Amino acid sequence: MALTTPAAQVGAIVPEQVRRQLTGRRSDTAGRIFQAVLIGAVAASVAVLGVLVYDMVQTGSGTLTGRLGDFLTGSLRSQPGESGLLQGLRGTFYIGVFTVVFAFPIGVGAAIYLEEYASKSRLSRFIDLNIRNLAGVPSVVYGILGLAIFVKALGSFTGPSSQGRSLISAGLTLAILVLPIVIITASEALRAVPGSLREAGYGVGATRWEVTRDHVLPYAAPGILTGTVLALARAMGEAAPLILVGAVTGFLSGGTELDPTTLGDRFTAMPIIITTWAGRPGPEWEQATAAAIVVLLVVVLLANAVAILLRNHYEKKRG
Amino acid sequence: MTDAPMVGSMPTSAPSRGGATVFDVHDVSVHYGDFRAVRDVSMQVKQHQITAFIGPSGCGKSTMLRCFNRMNDLIDTARVEGDISYHGVDLYDPAVNPVEVRRRIGMVFQKPNPFPKSIYDNVAYGPKVAGAKGNLDDVVEQALQGAALWDEVKDRLKESGMSLSGGQQQRLCIARAIATDPEVLLMDEPCSALDPIATGRIEDLMVEIKERYTIIIVTHNMQQAARVSDRTAFFTTEVSEESDRRTGLLVEFSDTDKIFTNPADERTENYVTGRFG
């Protein structure tokens, strides 16, 4: 091109002119507006969270600073100034345990089968679609399922002393509730494993099981763990299904031991306590409710922190 | 040791007298669902030779290569018709275990794909899944030496295989493939992601190790085929009239020298002289 450019034209390029062209401001109004909208979206999301946390901490600060130890280790009472959360914390802890023990292995197993073993047939696509639909089913519906199966039909196993209205029923119901979430997120993590990694494994004569165990799962582990955290947080925060499987909303005797042999007894959990207290009149209950919400948030954050540490550990191993 | 590879030195080494037949391919077609990727391929691959597959994109040469270690099994819709025998044994006999096939017939892929593990573990993985017990240090060293990588990595075997350069990663993949002591190495455009210097090293390596292995290489680079291979197969595509879809087919399979200097088929001549493709 340079050769064909007339010499006169080359000579016509004036540095000052070039400078003006290069430094000239293009007015990019649409771009600026778009950026402002995006910042606004982020600000709105953060503001909601900030207001919520601020309001709760503010309202509950009296309880949290005045009698935190008593609040965490006490039982449900009729007076807001004496009530404690221990029974609710225990219930929520075991619900988390049930989720990890049941929903995690079953969900990850189902995802591995669907992604690594099942051939991509019409049937597997149909199953996939239905699992996605299950994740959108309202939680009350799962509560009814839990009531019908774990409380009514299997009551003699899940809680002989409580007619089935036990932590076992509640834990299993919530494990089923979050199962689709675990399957979907684990499937997505497995789908993100590069095909070349599988080929490398098969190429040196590894079996499907060896490729899955040694390469696919370690690579997908961070993503799978993230999904489990989401599921755990969801399970710990659900109230509606627990009401249906018979969580105690009023006074509860016992329910403070961590002893697993008491899992068949009547129970309560943090979200139940929060919804019950929120309905009671007077500023003292309001304070106690806010304090309980703060405690639940901290519990969920702690559970998340553990999972995030695990995820970072596996991510580092992935190299 | 073998001589340093020289361009065009092949005729002196009595081409195509490689000895025993490793693969006997007879009328093989491969389908993906109802799409026919390659049709009616027949050829014989001889021991201790480098066989190159060349041809334009989409001509089925990679598909064909993946038939030799049953890598196509991993694709649900893939279907292989015809006969491929390995030392007289039908590779697609239902009794044949593809895992055993892949231990004897190693593969190096287009894009270097080391495991996200240490250099040592990358090489030791194949022997481990094949049941090797105890200390694999010697196996790892031999494989890395075989792939001409030992001197560069011997002091950092615990580092991730991902930390190596592209050319080193590909040699690591070669080391990983030869660590299981295979008889055949399948190489699917092993140099396409590498610079000319790394490419040269891999080509030297192929010529060096062909005394121990039988190598089939798919390449887009005709000079590469001319430099390293003993026999060359030229594939091309044809467009089916009724479905308007492309199918690959084998046009000519002959000594490399003949393919590049005196091809029998006009399509081969057009391709190797750069008039097509």
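1. Fold of chain A. Read from the N terminus, the pattern of chain A is α-α-α-α-α-α-α-α-α-α-α-α-α-α. That makes 14 helices and zero strands. This is a predicted model, and every remark below should be taken in that light.

2. Overall dimensions of chain A. The radius of gyration is 28 Å, whereas a compact globule of 319 residues would have one near 20 Å. The C-alpha trace spans about 100 × 60 × 35 Å along the principal axes. Of the 319 residues in chain A, 38% are buried.

3. Contact order in chain A. Take the contacts between residues at least 6 apart in sequence: 75% of them join residues at least 24 apart.

4. Helix H7 of chain A, geometry. This helix covers residues 139-153, 15 residues in total. From first C-alpha to last it reaches 20 Å, close to the 21 Å expected at 1.5 Å a residue. There is still a bend in H7(A), of about 30 degrees, at A:Gly146.

5. Helix H7 of chain A, packing. Which residues of H7(A) are buried? They are A:Tyr142, A:Gly143, A:Gly146, A:Leu147, A:Phe150 and A:Val151. The bend residue, A:Gly146, is thus on the buried list. An α-helix has 3.6 residues a turn, so residues three or four places apart point the same way. The buried residues of H7(A) pack against three helices of chain A: H8 (155-158), H9 (167-191) and H12 (240-244).

6. Confidence in chain B. Mean pLDDT is 87 for chain B, with 93% of its residues at 70 or more. Among the elements of chain B, strand S8 (residues 214-218) has the highest mean, 95. Helix H7 (residues 196-209) of chain B has the lowest, 88.

7. The start of chain B. Over residues 1-16 of chain B, pLDDT stays under 50. The model has 21 contacts beyond four places in sequence for this stretch. Where pLDDT is low, the predicted coordinates should not be read in detail. I would apply that caution to residues 1-16 of chain B.

8. The interface. The model scores ipTM 0.86 and pTM 0.82. How many residues of each chain are in contact with the other? The count is 17 residues of chain A and 22 residues of chain B. On the side of chain A that touches chain B, the elements giving two or more residues are helix H10 (195-203) and helix H11 (208-237). H10(A) gives the most, with six residues. By type, this side of chain A divides into six nonpolar, seven polar and four charged residues.

9. Positive phi at B:Asp40. Most residues other than glycine have a negative phi, and most peptide bonds are trans. B:Asp40 has a positive phi, near 50 degrees, and is not glycine. The residue is found in strand S2 (residues 35-46) of chain B. Is B:Asp40 buried or partly exposed? Partly exposed, because 14 other C-beta atoms lie within 10 Å, and the buried class needs 20 or more.

10. Positive phi at B:Glu189. Here phi is near 45 degrees, again a positive value in a residue other than glycine. Where does B:Glu189 lie? It lies in the loop between strand S7 (184-188) and H7 of chain B. B:Glu189 counts as buried because it has 20 C-beta neighbours inside 10 Å. The cut-off for burial is 20 or more, so B:Glu189, with 20, meets that cut-off.

Technical notes. Residues numbered from 1 in each chain as written. Chains lettered and ligands numbered in written order. Predicted model: local features only at pLDDT ≥ 70, side-chain atom pairs only at ≥ 80, totals over all residues. Helix = DSSP H or I, 4+ residues; strand = E, 2+ residues; numbered from the N terminus. Rg over C-alpha atoms; globule rule 2.2 N^0.38 Å. Buried ≥ 20, exposed ≤ 12 C-beta atoms within 10 Å, placed from the backbone. Contact = placed C-beta atoms within 7 Å. Expected span 1.5 Å × (residues − 1). Bend = angle between axes of the 7 residues up to and from the residue. pLDDT = per-residue confidence, 0-100. Nonpolar A, V, L, I, M, F, W, Y, C, P; charged D, E, K, R; others polar.
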